[in-house]
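Me: I am new to this structure and would like a close look at a single part of it. Could you walk me through one strand and its surroundings?

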Amino acid sequence: MKVLAARLGQAVMVAVLIGTATFVMMRSLPGDAAWRIAAGRYGYDNVDAASAAAVREELGLDGPALPALLQWLGDLVRLDFGKSLVTGQPVTAELAHQLGASAALALVAVVMSLVIGPPLGILAGLRPGGLLDRALLVVSTGLKAVPQFLMALVLIVILAVQFRLLPAAGHGEARHFILPALALATGLAAVNARIARDAMARIADMQFWRFAQWKGLSERQTLTRHGLRNVAVPLVTYLGLQFVTLVEGVIVVEAVFGWPGIGHALVHAIFSRDVPMVQGTALVLGLGFVLVNAGIDLAVRRLDPRAAA
Amino acid sequence: MRHHLSLAAATLLAAAVPALADDTLDVVAPFEVQGAEPSTTGYIFTRMSIAETLVNADAEGQLTPGLATEWQASEDGLTWTFTLREGVVFHDGTEMTPDTVVNALEIARAKPGALQELPIDGIAAADGAVTVTLTEPLAALPAFMAEARSQILAPAAYAPDGTGTEVIGTGPYRLTSLQPPLSVKATAFADYWGAAPHIPNVSYSGVSRAETRALMAESGEVEYVFGLDPASVSRLNMLDNVEVLSVAIPRTLLIKVNAGHPFLSEPDARRALSLAIDRAGIATAVLRFPEGATQLFPPSVAGWHDAGIAPLEHDVEQAKSLLAGLGWTPGDDGILTRDGERFALTLTTFSSRAELPLVSAVLERQFREIGVELAINVTNASAIPAGHQDGSLELGLLTRNFALIPDPIGTVMADYVGNGDWGAMNWQNDEIGTLVRGLARGEGGDAERARVSAILQEDLPIIPIAWYQQTLAVSERVAGTDIDPYERTFGLEKIRWAE
């Protein structure tokens with residue numbers, strides 16, 4: 001309970017800070033917002049003084065900054081995120097659509113990384129210094145070092161263009177998930193595997209592990225009864241940190257694959273000075289971070305009785 | 001563990017198998033779908049053959065009947081009558097009547113766009129027709145009716161304040177799904193007034209990265225890929241399963257010059273900059289187009305392109321001597337100076353079109369050769385018209401489409417007679433003003449147009465660099481694809497599955 005209360009307080013603070021910071025940053029960018037918004041709405045062929053003037057008049061952009069910020073914070077209390085300056089749609093509606101697309105992609109990527117990384121890491125950790133361990137070190141370091149942008153293109157070229165197994169890009173069907181999620185998952189899995197390997201090697205070196213084997217458990221039984229839970233603690237804790245990598249990755253990968261997600265939305269909103277969209281997006285990402293960490297706190301408490309005590 | 005891995009592999013394969021072959025014609029292009037609002041996203045609906053306009057244009061830019069079968073101006077040129085096609089039904093089943101057309105046009109006219117700036121006095125419904133009354137004659141009015149923002153949607157498509165809330169058009173395809181920012185789906189409309197489309201289902205996806213679009217074409221996943229980057233064109237040309245189509249379009253890459261700037265007010269200074277540009281090099285090496293521009297209007301802009309005009313040349317020595325004649329002398333670092341001022345300028349451009357920053361980097365080198373220092377500012381597209389308005393722009397690198405409205409007169413009028421944000425800056429020419437106003441009223445012909453081109457060539461209020469090619473990649477699975485130089489339509493209704 002106490003954990004949740006602390007996280008709730010954190011969430012409120014994050015909301016106010018992010019909202020204010022994005023507002024100040026967007027306001028202090030050079031260039032006239034009305035022009036940028038008009039360019040976002042009508043495109044480079046059609047933006048001109050008349051369209052910028054129409055935008056300025058419609059949105060009342062010349063008003064002072066402080067009341068606008070207070071208005072936004074006030075609306076936020078009523079869970080009203082305002083309307084996008086470019087499309088005129090409510091920010092919540094756009095976010096629901098785009099956040100959903102990103103969250104689904106991120107979730108698939110995390111699941112993929114967990115299927116690929118930790119099992120290999122555990123196998124390597126059981127035989128430290130063995131062939132698998134050394135090979136995994138090289139492969140995971142290599143994969144982690146490849147920028148997601150490059151990974152995405154390499155995957156498209158191999159799996160979509162060369163072997164015609166999967167669509168190169170696009171959105172809408174289950175098969176569209178695989179390549180972008182894989183592009184995200186390889187980097188995550190590389191780290192997962194290392195964490196799992198180190199944890200496993202540490203645990204396998206402990207006395208209780210040797211005791212378990214001495215009392216007659218097979219390696220498999222020792223692993224399932226005494227190993228997995230121990231390995232899970234650092235792994236789950238690290239997932240929270242990976243959320244940051246994931247958000248960065250989603251922005252890049254969405255651009256490459258034409259994925260209508262929150263990264264895509266954020267980039268476009270910043271280009272066309274869509275302040276409510278930027279505030280809403282940043283806020284949702286910030287709160288998402290708090291939420292993920294709260295979830296991980298709870299999960300770790302369940303996994304590790306020492307933390308709960 | 002092994003079990004997990006094989007399961008993952010099986011899932012991957014199972015998902016992959018039905019990857020190809022379906023009955024939908026998939027279109028990919030860089031444009032984002034903002035919503036149902038025709039003033040912002042309407043051009044996607046017209047290109048996808050969902051919405052239609054009163055007037056269409058063919059590949060030569062000649063106006064052809066659309067939702068209007070014919071149009072005619074009164075004796076004094078102040079009243080235009082557009083006779084409407086009979087038996088046209090909107091996608092919601094209601095009939096297109098003169099009143100619905102007036103409604104759509106009035107709503108379009110109230111929003112920023114080409115119609116808003118026209119001398120229109122009123123739009124009224126008549127018997128089977130719509131009349132537009134003007135405060136002064138405008139020969140090009142029918143061309144404005146061919147622009148995407150003049151599309152005709154059913155009254156139920158608009159909110160009471162005129163905002164587009166649904167897309168209820170009259171085209172051969174009916175919208176089935178609209179998912180901003182990237183997706184549109186449509187299906188054949190059974191009650192279409194014209195020939196039924198061959199392929200029943202079409203989809204549109206916005207993909208902003210040109211590399212990704214090219215890879216989608218290469219993978220065979222989509223049938224119609226619009227807008228390819230130069231490097232991908234060379235690669236796709238080598239493939240058997242993809243055909244690359246290319247056509248010259250009425251779009252020009254040019255430098256907008258602030259003719260009020262003390263360094264640029266003399267025509268000779270602008271000529272010197274023009275002479276410094278290696279157009280053939282930029283066109284073939286950077287843009288992979290066959291040739292550079294020899295004048296502002298490309299050959300496809302019939303009437304305005306004058307084959308007899310002396311072409312723009314590349315001559316560094318002549319450029320240097322022109323500048324020397326204006327009192328500029330090279331300083332220690334090779335940059336020219338005059339009265340203690342360095343010949344240093346800022347070139348503003350934008351990144352929404354990938355070629356612009358590339359070309360600006362080349363221009364920086366080429367201008368340095370004649371002793372002109374260029375600082376490059378790559379920013380948002382709106383910085384150019386905004387810099388025009390507040391007078392801070394020095395040079396702007398941009399592209400201009402002369403045929404968003406199929407008659408270039410509208411663009412020429414705005415850019416070189418009025419105070420057009422994308423055209424000449426601090427430059428006025430009375431002769432051009434008289435000629436273009438006359439042409440707009442319907443007086444004069446090709447001789448007058450050629451004279452306009454000649455004045456622009458002589459005085460260089462803007463410096464043309466290259467004429468564009470539009471490229472698209474089409475899968476071998478489809479046939480009947482045309483590429484519209486006027487960028488109005490993808491022509492989906494004419495495409496059929498290849499035998």
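Reply: Happy to help; here is a look at one strand of chain B, followed by a few words on chain A. This is a predicted model, in which local features need pLDDT of at least 70 and side-chain atom pairs count only at pLDDT 80 or more, while totals for chains, interfaces and linings use all residues. Residues are numbered from 1 along each chain as its sequence is written, and chains are lettered from A and ligands numbered from 1 in the order in which they are written.

Our strand is E18 of chain B, residues 395-401 (strands, E, are DSSP runs of at least two residues and helices, H or I, of at least four, numbered from the N terminus). Six of its seven residues are buried, so E18(B) is largely enclosed by the rest of the structure. Buried means that 20 or more other C-beta atoms, placed from the backbone, lie within 10 Å of a residue's own; 12 or fewer means exposed, and in between is partly exposed.

Two strands pair if DSSP finds at least two bridges between them. Strand E12 of chain B (residues 242-257) runs antiparallel to E18(B), joined by seven bridges; here Arg251(B) has Asn401(B) as its bridge partner. Strand E16 of chain B (residues 344-350) pairs with E18(B) in the parallel sense over two bridges, and Leu347(B) stands opposite Leu395(B).

As for chain A, 45 of its residues are in contact with 43 residues of chain B, contact meaning C-beta atoms, placed from the backbone, within 7 Å. Helix H2(A) gives the largest share of that side of chain A, six residues.

How values were computed:
Two residues are in contact if their C-beta atoms, placed from the backbone, lie within 7 Å.
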